[in-house]
Each structure stands twice: as structure tokens, then as C-alpha cells.
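Student: I'm new to this one. Could you take me through the sheet and what surrounds it?

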Amino acid sequence: MQHLDSYIKFTAEKIESEHKDAGVLYVYDPASHTGFSITGVASLLCKKLDGKRTLRSVLGELERELDVTPGVYDEAVRGFLADLEQKQLLKISPSPESAG
């Protein structure tokens, strides 16, 4: 999978909701002035894309949390990240983002 050893940050603005839906992430893309929701495993993935860990590390953590076979989400994640990258909602870097 492309970008496995890259540090990826989900850059859309996360919106706090009064409806604390655990499996839903509400976001706003300032470039397109569009709000949308991300659900399910994609929501969990986006919450973990902080630019401080590699995609490989994030996927491993997600697979362990969900107790699934390693690689089970690879194809879906590849398509989802390609979509986010096309919408310019990811920052992809060869090195981790600083904590500052």
C-alpha cells in the first residue's frame, strides 16, 4: 500500500457536535466550504491520522483495537485515502510532524 511508511495528517477541521456519536466524525473543509460526516472505520482512521505516526503504525493500532486480521482493511483504506488526497484533506510527509 502506498504511503505505509509516511506520516499522514488528516487536515480537515474536526467539528465538535453536541450529539457525541462515537462512530461519527463531523468535519469542515475550509477550501471548499463543505461540511460532511465520516462514519465507521473511516472515522476511527481519520481520528488517528495525526501526522506523528506512520500509516503502518496507525493501521496496526486500528487492526488491534478492532481485533481484525492484519490487512483486512487495506483495499478500503487505499481508496479512502486516495479520495481524501484528491480533495487535499491530507498532509503526507516522510518525517513526523513536530509536537509543537
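Tutor: Let's start with vocabulary: helices (H or I, at least four residues) and strands (E, at least two) are DSSP runs, numbered from the N terminus. Residues are numbered from 1 along each chain as its sequence is written. Keep in mind that this is a predicted model, where local features need pLDDT of at least 70, side-chain atom pairs count only at pLDDT 80 or more, and totals for chains, interfaces and linings use all residues.

Now the sheet. Three strands make an open sheet in the order β2-β3-β4, and the pairing is antiparallel; two strands count as paired if DSSP finds at least two bridges between them. At the edges sit β2 (13-15) and β4 (34-39), each pairing on one side only. On average, neighbouring strands of this sheet are turned by 35° against each other, direction ignored. Angles here run from 0 to 180 degrees between N-to-C directions, with axes as lines fitted to C-alpha atoms, for helices over the stretch in contact.

Look at β2 next: three bridges link β2 with β3 (residues 24-29) in the antiparallel sense, and E13 stands opposite Y28 in β3. Helix α1 (residues 40-48) packs on this sheet, touching β2, β3 and β4, and its direction makes about 110° with that of β4. Contact means heavy atoms within 4.5 Å.

Finally, the loop between β3 and β4 holds H33. H33 is not a glycine, yet has a positive phi of about 55°. H33 counts as exposed because its relative accessibility is 61%, and the cut-offs are under 20% relative accessible area for buried, over 50% for exposed and partly exposed in between (1.4 Å probe, protein chains only).

How values were computed
Heavy atoms only, no water.
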